[in-house]
Amino acid sequence: MGVRATLAVLLLFIATVEAADGGVEFWELDFTMTCPGEGNWFKKKGESLLQGNETYKLQYDGKTKGSYHCEYNYTNDASVGTYYFYVKGKVCKNCFELDASLFGGVIAVDVLVTAILMMVIFKYTKKKSSAGLSHASKAPARSGGRAQAAQSPTYEPLSPHTRAQDPYSVVNRMG
């Protein structure tokens, strides 16, 4: 079970790898494409969209999915680079993307707080006894024989002649 959980968290962190220079981000009904440098935006086979911007934002629907690219100048030389995008996704008005690093952080904090809580409970519920050997307590010694009956008329023994002779009024002593 622990191996599966570790693998799931590891895969969540791997899945959050983003392009270093550019990429596509979805937010609610829109998507934003980011080019590595300021450039010109094109759709599919050369259809010019926008010029001189690093980002291009559109509302996503069935017509806006597909191939895009931007042509930009490298910063250290005069050559032109092309960065390609393929946009396809699902959007909704009240949706948001759960960042895997946030999700992993929540799990890590939860495990840490649980461990601290367990240590506190363990510390305060431990027996408060000395570290030395504990001696078993012995029962007090009993004096031999029966205690003497009280000399009170209230507790006078019953006379066998005055007892009832019903079936359950007789005490049978065995042994």
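## A tour through the strands

Start by selecting C70: straight across from this residue, in β5, stands Y83. Keep that pair on screen, and bear in mind that this is a predicted model.

**Zoom out to the whole chain.** Colour by secondary structure and you should find two helices and five strands. Walking from the N terminus, the order reads α-β-β-β-β-β-α. Now switch to colouring by confidence. The mean pLDDT of the protein chain is 74, with 64% of residues at 70 or more. Where is confidence lowest, and where is it highest? Helix α1, residues 2-15, sits at the bottom with a mean of 67, while helix α2, residues 100-125, tops the chain at 93. Of the 175 residues in the protein chain, 13% are buried. As for contacts between residues at least 6 apart in sequence, 49% of them link residues at least 24 apart.

**Select β2 and β3.** Take residues 30-43 for β2 and 47-59 for β3. The two strands run antiparallel, with 10 bridges between them. Pick F42 and look over to S48, its bridge partner in β3. Then move to the turn of this hairpin, where three residues lie between the strands and K44 has a positive phi near 45°.

**Add β4.** This strand covers residues 66-73. It is antiparallel to β2, and five bridges hold the pairing. Click W41 and you come back to C70, the bridge partner of W41 in β4.

**Add β5.** Select residues 80-87. How many bridges join β4 to β5? There are eight, and again the strands run antiparallel. The C70 and Y83 pair you began with belongs here, with Y83 on the β5 side. Show the β5 side chains and compare the two faces: G81, Y83, F85 and V87 are on the covered one, and V80, T82, Y84 and Y86 are on the uncovered one.

**Show the core.** Select F31, M33, C35, W41, Y56, Y60, Y68, C70, Y72, Y83, F85 and V87; these 12 residues make up the largest nonpolar core. β2, β4 and β5 are the elements that supply two or more residues each, and the biggest share, four residues, comes from β2. While the side chains are up, pick out F31, Y60 and Y68, which form one aromatic cluster. The count of aromatic pairs comes to four. If you want to inspect the rings yourself, a pair is described by the distance between centres and the angle between planes.

**Stop at H69.** Back in β4, select H69. Is this histidine buried or exposed? H69 counts as buried because its relative accessibility is 10%, and the cut-off for buried is under 20%. Leaving out residues up to four places away in sequence, H69 touches N40, W41, F42 and K44, along with T82, Y83, Y84 and F85. Show those neighbours and you have β5 residues such as T82 and Y84 from the uncovered face, and Y83 and F85 from the covered one.

**Move along to E71.** E71 is also in β4. With a relative accessible area of 33%, E71 is classed as partly exposed. Which residues does E71 touch, once those up to four places away in sequence are set aside? They are G39, N40, F42, V80, G81 and T82. Try a distance from E71 to Y84 as well: C-alpha to C-alpha they are 9.0 Å apart, and 13 residues separate them in sequence.

**Finish at T64.** Select T64 in the loop between β3 and β4. Although in a loop, T64 counts as buried because its relative accessibility is 12%. Turn to the side chain, where a polar atom of T64 lies 3.2 Å from the backbone oxygen of Q59. Its contacts, again not counting residues up to four places away in sequence, are F31, K43 and Q59. F31 takes you back to the aromatic cluster with Y60 and Y68, and to the core, where F31 is one of the 12 residues.

Conventions:
Residues are numbered from 1 along each chain as its sequence is written. This is a predicted model: local features need pLDDT of at least 70, side-chain atom pairs count only at pLDDT 80 or more; totals for chains, interfaces and linings use all residues. Side-chain values use heavy atoms; hydrogens and water are left out. Buried means under 20% relative accessible area, exposed over 50%, partly exposed in between (1.4 Å probe, protein chains only). Two strands pair if DSSP finds at least two bridges between them. A nonpolar core is a set of buried Ala, Val, Leu, Ile, Met, Phe, Trp, Tyr and Cys residues joined through side-chain atoms within 4.5 Å. Contact means heavy atoms within 4.5 Å. pLDDT is the predictor's confidence in each residue, from 0 to 100. A polar contact is a pair of N or O atoms within 3.5 Å; within protein, one must be able to donate a hydrogen and the other to accept it, and residues adjacent in sequence count only if both atoms are side-chain atoms. Rings of Phe, Tyr and Trp (its six-membered ring) pair if their centres lie within 6.5 Å; planes under 30 degrees apart count as stacked, over 60 as edge-to-face and the rest as tilted.
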